[in-house]
Amino acid sequence: MLYKIKIITAFLLIVCFSATLFSQVTTKGISKAVMGKTNFTEVAKYELIHPAERLAKKPEMEDEDIKTIPLPVDQSTPPFGGKLTNIDVAPGINKPAAPLEFPCVNFRALDDNGVTDPPDVNGAIGFDHIMTTLNTQISIQTKQGGNISTTSLTGFWNGLGGHTDIFDPKITYDPYDRRWIFVCSATRDNANSALLLAVSETPDPTLGWTTYTFDVDPGDQLWLDYPSLGFNRNWITVSGNLFNITGITIPNRGRIWAISKADVYAGLPNITAPFFERTDYFSISPANTYDANDNTQWCVSRHNPNSNNNGFVRLISITGAQAAPVFTLGAIVNTGPAWSSNSEVVGGPQLTSAAFIDLGDDRLLQSTFRNGLLWYGHNIFLPADNPTTCAAEIVSINTLTGLSTENIRTAVDANNMTAYPSITVNRNNDIFFGYTSFSASAYPRATVSYRRSGQGFFFYYYKDGEDWYVKLVNGDNRWGDYSATFIDPEDDVTAWTIQEYSRPRVGGITSAWGTWWAKICPGSCTDDYFLFAPQDNLMKKFEANGTITSIAKIQINSSIKYDAGTKIILSPGFKAARGVRFRAYIEGCGGTR
């Protein structure tokens, strides 16, 4: 992944380049694909023959610069009129350091196997399975954490032209057609650079997959980095940054492919995919669209982090017929207080080590479109003029009006920072986002926040870091570079997040990362609760406006909280086993203790 975006902010430079910026146009093209087939049985056979590929050390290449000038902002652009919310995730004087809430399920995803850094954390949720996709490996698990299959990234893609340099995995799940969608980049800084696309042939990822490879540039001048993935009714939408191959000097650019979902799901060979390019927008984020009938694919990209003390992004849409998509630059959106893109002077602190962790840049990460709102998350560096800290920012945009409706930021300081957020929203408009917390008083830890619609935020550190982390890649102590948070398609209410945390050093010498899944169950608010089923190995909150009556037996490995509006009745038969955590409050729905 190309990581550090060098921002040139001098007024004279903006003036000098303004003519070029205003003359930017969208270019169009077509990518042709070569099709393949795979399944995990074939992948296992491949890896028995090629065991060395699982052990080969593949550090990421040294970062290049995307020399981006903040784009001008039309003075007629409406001001930010939305809600600004700060979430305090740093324990205060009267605030306990312990988590406020707990996931209802959490378990290990994949650990550092010493192959590649950083892991590029990603994963998705299906009806019956969980998939984790890292730069190192791919795993399939049950929703209870049972391991089904683990393979290398190279092994999964081995049937598509023998690419050995495969990186930046992104995966999502289409709940309407019940298919897994998986993309990667292949072969960096090389004429053989490719976009790799795979879709499952059924809802079961352990069965067959149809795979495609797209030649990024038949002219052999550009290579693809940092793909981002989204979908809607019509298209699988993939964006990426294209850079000139070493020794070639042509403009770098951002590209978006609009790939016919119907063609890919049907497994058609020899498909073609229209694409659109801009040389002024990079790291464009296409949304996962949770509306089975919406024909518009919304995307968003950074525009200007600091213009008159406000930050701006650019809406982009893809519309039209499935076979003839139309690219449109939309509104420039004021998202609220300004930030800085520059992370070179800001690093994540950690306990017992003076080494700071690299926090990347401000590119827009995972985005979600639901109920007329486009949500995205990214890192921001504050204050805008002289940054000393990094916060995770979540923003919503009303795509009908082109106005930002909400800006949610984690409240941080030089000793407490957050980064690499991912965001999702359920059918009730509850918000969930996961990220990593960095603190001078703790090891890097996996964190999640959620807000039930119309109520306040909860946050919790769901997986504490276990050691300090120093693992240099080309001189940077890399982390991330992103994460994933998705709604469970089974109920469209609960959410899952996968985040990175620090594991114990190997042999007390070599640092290691780990990844961990958490399921967040916001529960439901009802008038009265009557609880009778045993509660075993469960972490959950039950809320009622009125009375909670329980005869349940709370058994081992459980942490249960009752929030009633009027009273809690523990009837004969209620029992809490030794060692469980049981709490009861008269707070009602939305209680925060």
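Contact here means heavy atoms within 4.5 Å. With that in hand, welcome to a set of close-up views of a predicted model.

**Figure 1. The whole chain, 593 residues of which 59% are buried.** Start here to get your bearings. The protein chain holds four helices and 43 strands. Take the contacts between residues at least 6 apart in sequence: 60% of them join residues at least 24 apart. On the outside, the chain exposes about 21,800 Å², and carbon and sulfur atoms supply 53% of that area.

**Figure 2. Two hairpins that share strand β5.** Strand β4 covers residues 122-125, and a hairpin of four residues joins β4 to β5. These two strands pair in the antiparallel sense, over four bridges. A hairpin through three residues then leads from β5 to β6, and β6 spans residues 137-141. The pairing of β5 with β6 is antiparallel too, again over four bridges. Ile-130 is a handy landmark, as Ile-125 of β4 stands opposite this residue, and so does Gln-141 of β6. Now follow the side chains along β5, residues 130-133. Ile-130 and Thr-132 point one way from the strand, while Met-131 and Thr-133 point the other way. Are these four residues buried or exposed? All of them are buried.

**Figure 3. Thr-150 in strand β7, with Ala-44 in view.** Strand β7 runs over residues 147-152 and includes Thr-150. With a relative accessible area of 37%, Thr-150 counts as partly exposed, because that value falls between the cut-offs of 20% and 50%. Look for Ala-44 as well: Thr-150 and Ala-44 are 106 residues apart along the chain, yet their C-alpha atoms are separated by 9.0 Å.

**Figure 4. Ile-236 in the largest nonpolar core.** In soluble globular proteins, nonpolar side chains tend to be buried together. The largest core in this model has 69 residues. Which residues have the most contacts inside it? They are Trp-157, Phe-182, Leu-197, Ile-236 and Ile-259. Zooming in on Ile-236, and leaving aside its neighbours within four places in sequence, you will find contacts with Leu-197 and Ile-259. Other partners of Ile-236 include Ile-181, Val-199, Leu-229, Trp-257 and Val-264, and Gly-230, Lys-261 and Tyr-265 also touch this residue. A second, separate core has 17 residues, among them Ala-287, Trp-298, Val-300 and Ile-397.

**Figure 5. An open sheet of three strands, in the order β36-β38-β41.** The pairing in this sheet is parallel. Why do β36 and β41 each have one side without a neighbour in the sheet? Strands β36 (529-531) and β41 (567-570) stand at the edges, each with a single partner strand, so one side of each is left without a neighbour in the sheet. On average, neighbouring strands here are turned by 10 degrees against each other, direction ignored. Between β38 and β41 there are four bridges in the parallel sense. To follow one of the residue pairs, find Thr-549, whose bridge partner in β41 is Ile-569.

**Figure 6. Ser-550 and its surroundings in strand β38.** Strand β38 spans residues 547-550, and Ser-550 is part of it. Ser-550 has a relative accessible area of 0%, so this residue is buried. A polar atom of the Ser-550 side chain lies 3.2 Å from the backbone nitrogen of Ala-552. Setting aside neighbours within four places in sequence, Ser-550 is in contact with Leu-531, Tyr-562, Ile-569, Leu-570, Ser-571 and Phe-574.

Methods. Residues numbered from 1 in each chain as written. Predicted model: local features only at pLDDT ≥ 70, side-chain atom pairs only at ≥ 80, totals over all residues. Heavy atoms only, no water. Buried < 20%, exposed > 50% of the residue type's maximum accessible area, 1.4 Å probe, protein only. Polar contact = N/O pair within 3.5 Å; in protein donor to acceptor, adjacent residues only side chain to side chain. Pairing = 2+ DSSP bridges. Axes fitted to C-alpha atoms, helices over the stretch in contact; angles between N-to-C directions. Core = buried A, V, L, I, M, F, W, Y, C linked by side-chain atoms within 4.5 Å. Areas by Shrake-Rupley, 256 points an atom, 1.4 Å probe, with all protein chains shown as cover.
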